[in-house]
Amino acid sequence: MKVFVVGNIAMDQTLAVDRMPIEGESIFGSKISSDLGGKGTNQAIVLARCGIPTILIAAIGTDAQSQQMREKLSREPVIARLIERLDISGDATIVLKDVHGGNVNITTVDCARSLQISDVRPLMSDAEAGDLLVLQGNLSVAATSDIIQEARKKKMRIALNPSPLVPEISPFLAGLDVLFLNEHEAEEITGLRKRAAVQYLLDLSIDVVVLTLGASGSLLGSKNGIVDVPAQVAEVADSTGAGDTFQSVAIGSALRRRGWIDSIALSIAAMAAAITVSRFGTSAAFPTKAELEELL
């Protein structure tokens, strides 16, 4: 059983600020880290560290920063299937982190949005029925739709994390196997909050809905109802990548137990996310293979 993550790869630059700036304001900051990132890459790295055979499909530039990304990714247990873009610089993310551990991300998507089904289809030729496709919100809506259709032809399961959120993604949510999203995204899509939002999404024939609530934990919605799963208490240094850790460890836990996402998977995921938020950086902050093996 394999997981195909089709998404983005980026270099994260994390800056520490006392508080987030307001419009027109200039503030001081200090550089904390430069690290491999991008939601697709984050999710692929954590899944692979969970011991799940994971293939990352992403577009990348040929500039010096892209070469750095390649080198960092080569140290991870991820099967990388990267598509070179000679005329586009590699994507990058600026992360602003405040003194409370909160963050704001600004991501370029020139490479990510260049991906088309014609790029992806040959790189998924070995996908089989029962394999899992994992998508995020960085690709174009057209590419996301085409990739979902391709996966359904192959009878793959499909997981979506619609972040960064664009409203045009809503028509493609129906019938997903699992949807991971946060409170803001859920309210934007449904106009509802918490349990009401989860029920709305379940009514779209989504098999499992996971709504993350930050320090309040998460809600797990399925055919068995909606249950609360508490968060893990943690000292927050930097919350970058915590959601990606949570999602991938939840999936990894389910797959390793030959089941599907349940409250056990989300409880283990919460412990893994607590490790991530206690450290600075992106991929450098993720739990190690040894730490994940102990949790799983």
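Begin by colouring the strands of this predicted model, where nine of them form an open sheet of mixed pairing that reads, from one side to the other, β5-β4-β1-β8-β9-β10-β11-β12-β13. At its edges select β5 (79-84) and β13 (225-229), each of which has a single partner strand, so one side of each is left without a neighbour in the sheet. If you look along the sheet, neighbouring strands are turned against each other by 15° on average, direction ignored.

Next, select β10 and β11, which run parallel and are joined by five bridges; within this pair, Leu 181 has Leu 211 of β11 as its bridge partner.

Now add the helices that lie against the strands. Helix α1, residues 39-49, lies across β1 (3-6), β4 (54-60), β8 (132-136) and β9, and runs at about 160° to β4. Helix α4, residues 141-153, also packs on the sheet, where it touches β1, β8 and β9, and its direction makes about 170° with that of β8.

From here, move to the loops. In the one between β9 (157-161) and β10 (178-182), select Pro 164, which is joined to Ser 163 by a cis peptide bond with an omega of about -5°.

Continue to the loop between α6 (194-202) and β11 (208-212), where Ser 205 lies; Ser 205 is not a glycine, yet has a positive phi of about 65°, and is exposed, with a relative accessible area of 55%.

Finish in the loop between α7 (242-256) and α8 (263-277), where you will find Arg 258, another residue other than glycine with a positive phi, here near 55°. Arg 258 is exposed, with a relative accessible area of 80%.

Methods
Residues are numbered from 1 along each chain as its sequence is written. This is a predicted model: local features need pLDDT of at least 70, side-chain atom pairs count only at pLDDT 80 or more; totals for chains, interfaces and linings use all residues. Side-chain values use heavy atoms; hydrogens and water are left out. Helices (H or I, at least four residues) and strands (E, at least two) are DSSP runs, numbered from the N terminus. Buried means under 20% relative accessible area, exposed over 50%, partly exposed in between (1.4 Å probe, protein chains only). Two strands pair if DSSP finds at least two bridges between them. Axes are lines fitted to C-alpha atoms, for helices over the stretch in contact, and angles run from 0 to 180 degrees between N-to-C directions. Contact means heavy atoms within 4.5 Å.
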